[in-house]
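Colleague: I should be grateful for a close look at a single part of this protein. Please explain each term as you go, as for a first-year student.

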Amino acid sequence: MILAAHTTQAAQAAQGQGFLSPTGVEIAFLLVGLVTLGAALVTVTTRQLVHAALWLVVALGGLAVEYLLLTAEFIAWVQVLIYVGSVVVLLLFGLMLTKAPIGRSPDADSRNRPVAAAVALVAAVALVWVVVDAFRTTWIDLDGAVQGSTEVTGQILFRHWVLPFEALSVLLLAALVGAIVLSRKKPSSDRKKEERR
């Protein structure tokens, strides 16, 4: 009798929880997503380069929180260590080496905002289409290894994504070398003074 009562209560609770009624995790996911989107928009619209790099930290940190809410803890900590830790430090290091101005940089705005917005819109549509097309027939094996775990992530990374992963590391290395080369160049006025001597 007690078992039947518990079964009936569980069934009523399941019926009360509708398909579209949000849970706390879903609400937190949505709020963090809005903050991340806002930080990303400020990153690409601000005219202060250092502020853009710092807002990028907020955007990448928000993505790490989203991964945590999706129970992909390993991916979340990789996001924090590699992107928030390494990439943003590399960007700030490059800004300091190239002596980027701390304040507003009017010369950093090329006045091509409509073209940039159109390219961003086309890229967003293409990315959404690729993701939807790639995962339309994908099924998650609930009995297998947990998605987002180190085992599954390592297999996917070193089986399917080795070349893009290495290309990204070479690109970051080239950016750092370029920043060092630019920082070692002397201004033309200094070179003319040395030539006169």
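Modeller: The account below begins with the whole protein and then turns to the nonpolar patch on the surface. This is a predicted model, in which local features need pLDDT of at least 70 and side-chain atom pairs count only at pLDDT 80 or more, whereas totals for chains, interfaces and linings use all residues. Residues are numbered from 1 along each chain as its sequence is written, and side-chain values use heavy atoms, with hydrogens and water left out.

The protein has eight helices and zero strands; helices (H or I, at least four residues) and strands (E, at least two) are DSSP runs, numbered from the N terminus.

The nonpolar patch consists of L81, I82, Y83, L168 and L171, which together have about 460 Å² of accessible area. Such areas come from the Shrake-Rupley method with a 1.4 Å probe, and for residues only the protein chains shown count as cover. A patch is made of residues with over 30% relative accessible area and no salt bridge; like charges are joined within 9 Å, and nonpolar side chains (Val, Leu, Ile, Met, Phe, Trp, Tyr) within 5 Å. A salt bridge is a side-chain nitrogen of Lys or Arg within 4 Å of a carboxyl oxygen of Asp or Glu.

Helices α4 (73-97) and α7 (162-184) each supply at least two residues of the patch, and α4 gives the largest share, three residues. L168 lies in α7. L168 counts as partly exposed because its relative accessibility is 34%, where buried means under 20%, exposed over 50%, and partly exposed in between (1.4 Å probe, protein chains only).
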